[in-house]
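Dear colleague,

Please find the structure below, as agreed. A short account of what was found in it follows.

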Amino acid sequence: MAASKGAPDLYSQFLSSAPGAFIAKQAGLPQPEKLRRYKAGEPALAGPVLIGGKGRLVEPLRNLLSDYPAAAPHDDRLGALVFDATGIGQVTELVQLFEFFQPVIRNLAPSARVVVLGTTPEEAASVDEQITQRALEGFTRSVGKEVKRGATAQLVYVSPNASTGLSGVESTLRFLLSAKSAFVDGQVIRVGAADSVAPASWDRPLEGKVAVVTGAARGIGATIAEVLARDGAKVVCADIPAAGEALSETANKVGGTALALDVTADDAGEKLAEHLLERHGGADIIVHNAGITRDKTLANMDDARWNMVIAVNLLAPQRITDTLLAKGALKNGGRVVDVSSIAGIAGNRGQTNYGTSKAGVIGLVQATAPVLAEKDITINAVAPGFIETAMTAAIPFATREAGRRMSSLLQGGQTVDVAELVAYFASPASNAVTGQVVRVCGQSLIGA
Ligand code: NAD
């Protein structure tokens, strides 16, 4: 996979030299871990899995994870801790979290995974259960901030109506319990009640699918195209006409096609629908990745900057999806993935236009999910934090350095980290996951 073309991370380079590592250790400086990332053929986890808990999910969970090596009682390099907390129905029972995790939390391997499973609080059977299940969020996010060396912690809420086979939860667990979720940390994912059919191969779940990626000429979009193609999809790579050469490069690299398309053009949706219907009989996946920044404080903002950012980042994804649906160019059972940002969650100085557009994307996902569910189409958003790209290389040095380090993982993410999250949402096996906004930010302190 292509390395991100961001500014060099000089601090990490300094730390990876012997004198740098020594000085940093003596001075107590933060030391980012080299994160374990997906490589075909390598084990999903860095070590064995310890499963605990007494809820409705623990037995199906053991079946589901039977192909992961199980931990012996005193293993001290655990690849993952997975805890079924759905049995916790009273506040006094929250101590079960302490009892399971406290004795073993020190025994994690680098890049280990902590996953807690709970019952979706809004669907809980009683007030007590709603309280305890909601409490899991504070526990998991705090664990994420405490574990070291690239380890992460996530919470998965499972609908109480999910069938006991847990097939609808499998794609989420496989993503979280793998190197693909390297930069996803401190997140909460809600999984609905629907069952799923496992793909013929978990390594190529998108075999036979057609995907569109906007803004695919460079940066995050180019890597999304690569990862979707790796997973088996035929990828239509779209970008503005001026991006011509870089766009052809991406398309050639992924064995896909290039489409010159300004997403803000009045006929962008029609043009894309026509292309998809003529060449491919429609698309299964659309990733609205094209995005721009035009930063100025509000006092210094002009209307062109405001309008341009809203048009590319928010209006285009809304209009294009609507048109594809109206023209029958997005198939039933399709996947829509939008790209938000932590600036859309926390806001950011100098980015009133961008923050508005990216928060609007969250609204778009949440409002549209129930409507699209009628066609078995899911819509989700990824919200990247600091990712090493041309966009973040343009940030002034001190701000850029703060952006990298002010997170649990103490580093910026790679474009592939966003792409892996997109691919998880795009999987046919993720049909029970919709209306979700998942950050890929290394548990950045911004907006946390
Ligand atoms: P980038 O600037 O490197 O790439 C964006 C691509 O979108 C470019 O190829 C550009 O030509 C294309 N594009 C712009 N306007 C377009 C239009 N009107 N029609 C079609 N294509 C258009 O940016 P990136 O860092 O790769 O960001 C990709 C997405 O991720 C954006 O939506 C961005 O807001 C979001 N994001 C990035 C970060 C980060 O840290 N890099 C953080 C949060 C969110």
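**An enclosed helix and its surroundings**

All 12 of the 12 residues of helix α15 are buried (under 20% relative accessible area, with exposed over 50% and partly exposed in between; 1.4 Å probe, protein chains only), so the helix is largely enclosed by the rest of the structure. Helices (H or I, at least four residues) and strands (E, at least two) are DSSP runs, numbered from the N terminus.

This is a predicted model, in which local features need pLDDT of at least 70 and side-chain atom pairs count only at pLDDT 80 or more, while totals for chains, interfaces and linings use all residues. Residues are numbered from 1 along each chain as its sequence is written, and side-chain values use heavy atoms, leaving out hydrogens and water.

The buried residues of α15 include Asp-417, Glu-420 and Tyr-424. The largest nonpolar core (buried Ala, Val, Leu, Ile, Met, Phe, Trp, Tyr and Cys residues joined through side-chain atoms within 4.5 Å) has 66 residues. Val-82, Leu-117, Leu-228, Val-235 and Leu-421 touch the most other members. Helix α15 (residues 415–426) gives the most to this core, with 9 residues. A second, separate core of 37 residues includes Ile-286, Ile-292, Val-312 and Ile-362.

Strand β12 (residues 437–440) is covered on both faces: Val-437 and Arg-439 are buried on one side, Val-438 and Val-440 on the other. It pairs with β11 (residues 378–384) in the parallel sense over 4 bridges, where pairing requires at least two DSSP bridges. Val-440 is the bridge partner of Pro-384.

Yours sincerely
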